[in-house]
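Visitor: I would like a close look at one part of this model, the charged pairs, with some account of their surroundings. Please take it step by step.

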Amino acid sequence: MSSITANILNVVGILVFVVASAAMLTWVERRMLGIWQERYGPNRVGPFGILQVAADMIKLLMKEDWVPPFADRFVFVVAPTIAMFVVVAAYAVIPMAPGIGVIDLNIGLLFFLAMTSLSAYSVMFGAYASDNKYALLGGLRAAAQMLSYEVFLGLSLMGVVMLAGTFNLREIVLAQQEQWFVIPQFLAMLLFFIAGIAESHRTPFDLPEAEHELTAGFHTEYSGMKFGMFFIGEYVSVLLTASMMVVLFFGGWLGPVLPPLVWFLLKTSILVLLMILIRGALPRPRYDQLMAFGWKVMLPLAMINLVVTGVLVLV
Amino acid sequence: MQDTFFLVIFYVTAAVAVLSTLLMISRLNAVHGLLYLIVSSLSLAIIFYLLGAPFAAALEVIIYAGAIMILFVFVVMMLNMGHKGVEQERQWLKPGGWIGPGLLALVLFAVFVPALSGGLVSTGPRLVSAKAVGIALFGPYLLVVELASFLLLAGLIGAYHIARPPEITGDDSDSLTSARHHDDIAIEPLQGAG
């Protein structure tokens, strides 16, 4: 009986943790960007502005939840749900510490890839249902971008799978007790990082919602909590990419002295901060540059990494 | 207890698969149809998983639901059918059109039911891991894998050929703008445009 209680605690705890920290990230990001750009950022609500999240939440919930009369109502409502559901579901396979993690799937890595590939639907259906030119352009960009970078996302991981010999994320972490995979798979780590940012379509890869040319891209017509779900979904996706990198390349919960969970959270937050810093530092490329970079730089590098790792494993 | 649990999941998923496929065929709006098709392939993935093939289940989601269906949605979005498309479908999808396919499907069903009850399905649930799939693919079925890769290569070269930028005639072939001024590029008209 106690194991069932522990399981429920595990599931509910991780769910609440993920959604709450994603919501907090909206504040962390604005605050950190402010500090890096030599301004204050949101610092009015509560100490250091920490209650900004609550203020934002109240604002979003009080806003009129409007569905445009020309929109495809059914799809319009389904799209943000997919955005949120898919990333939270993908978090189920992340092993945070020994005994902490929702499910220990023997195809955990593939499950993660499957959920990421489904996340393209939220953007595309949102764009289609809005029946808006900006949204449509944003949706087309998102579809091509996510489909392309998914390829490199998957390919860059296969080196790790070869070294660990399993798709099970918990076993992948345990295989790093001697040496973190970031050392033999440094190139793969960089590729995964870039592809991960592109998959969660954040700056510099946020062309699907580039505000200077497409208003707000695929979520132009969304308001209220439906927009909030796209927004929080993006931050969960940031968290997911960072956690995945920790699990695959930075030894998961492994580390001296401190308890395992603390190590995991520490490593994850460093990577999340790095992603925020990149947003503050890099400009957006042109769309054709983005696609050319993907297919002409990322793909060959991922292939080379795959071949070299294969040779090294065999020898 | 465990077995009945799995049986219930199996039948519920199977019902969802059949229902969503039927709805997919009968929707007037193309995107709604695609949504049901995605649901259908997701439920197929769950069935694969229950039958002890987790790798096939993951591939079903990654490739069918996650890549091929996205291309379908992409094309439907490009065509931008909207309300006109629904009207058109309503005219085309007359009840009379269902008779032929319905009869043929009935024949298939009539053949299928005795085949199922006759116990022709002999391979019981047995866990097929990713490793087992890999060993099978690159062992006895290596030739098939190579043939499939030929097919993909042909598709790749074809796509490259179609999407190739038009050749620029003239001295300074590196400068597209000057070539435009001379107005001597032979740009082929788009197939089916207008």
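With which residue does A:Asp288 form a salt bridge, and how far apart are the closest N and O atoms?

Guide: The model is predicted. In it, A:Asp288 forms a salt bridge with A:Arg286, and the closest N and O atoms lie 3.0 Å apart. The two partners fall into separate accessibility classes: A:Arg286 has a relative accessible area of 51% and is exposed, because the cut-off for that class is over 50%. A:Asp288, at 44%, counts as partly exposed.

This pair belongs to a set of four salt bridges over all chains. Side chains of opposite charge can pair when their charged atoms come close.

Another of the bridges joins the side chains of A:Glu29 and A:Arg279, with an N to O distance of 3.3 Å. A:Glu29 sits in helix 1 (residues 2-36) of chain A and A:Arg279 in helix 10 (residues 260-281) of chain A, so this bridge ties together parts that are 250 residues apart in sequence. The acidic partner, A:Glu29, is buried, with a relative accessible area of 1%. A:Arg279 is partly exposed, at 33%.

Helix 1 also supplies a residue to a further bridge. The side chains of A:Arg30 and A:Asp56 meet at 2.9 Å, N to O. A:Arg30 is in helix 1 of chain A and A:Asp56 in helix 2 (residues 52-62) of chain A; the pair links distant parts of the chain, 26 residues apart. A:Arg30 has 32% relative accessibility and counts as partly exposed. A:Asp56 has 19% and counts as buried, because the limit for that class is under 20%.

A buried acidic residue can be found in chain B as well. B:Glu60 is placed in helix 3 (residues 54-79) of chain B, and its relative accessibility of 10% makes it buried. Leaving out residues up to four places away in sequence, B:Glu60 touches B:Ser41, B:Leu44, B:Ala45, B:Phe48 and B:Ala65.

B:Ala65 leads on to the nonpolar surroundings, for A:Tyr121 touches B:Ala65 too. With the same sequence neighbours left out, the other contacts of A:Tyr121 include A:Ile82 and A:Gly126 in chain A, and B:Ile38, B:Gly66, B:Met69, B:Ile70 and B:Val73 in chain B. A:Tyr121 is among the residues with the most contacts inside the largest nonpolar core, which has 119 residues. Others in that group are A:Leu109, A:Phe125, A:Phe192, A:Leu248 and A:Phe249. Helix 4 (residues 108-130) of chain A gives the most to this core, with 15 residues.

Notes: Residues numbered from 1 in each chain as written. Chains lettered and ligands numbered in written order. Predicted model: local features only at pLDDT ≥ 70, side-chain atom pairs only at ≥ 80, totals over all residues. Heavy atoms only, no water. Helix = DSSP H or I, 4+ residues; strand = E, 2+ residues; numbered from the N terminus. Buried < 20%, exposed > 50% of the residue type's maximum accessible area, 1.4 Å probe, protein only. Core = buried A, V, L, I, M, F, W, Y, C linked by side-chain atoms within 4.5 Å. Contact = heavy atoms within 4.5 Å.
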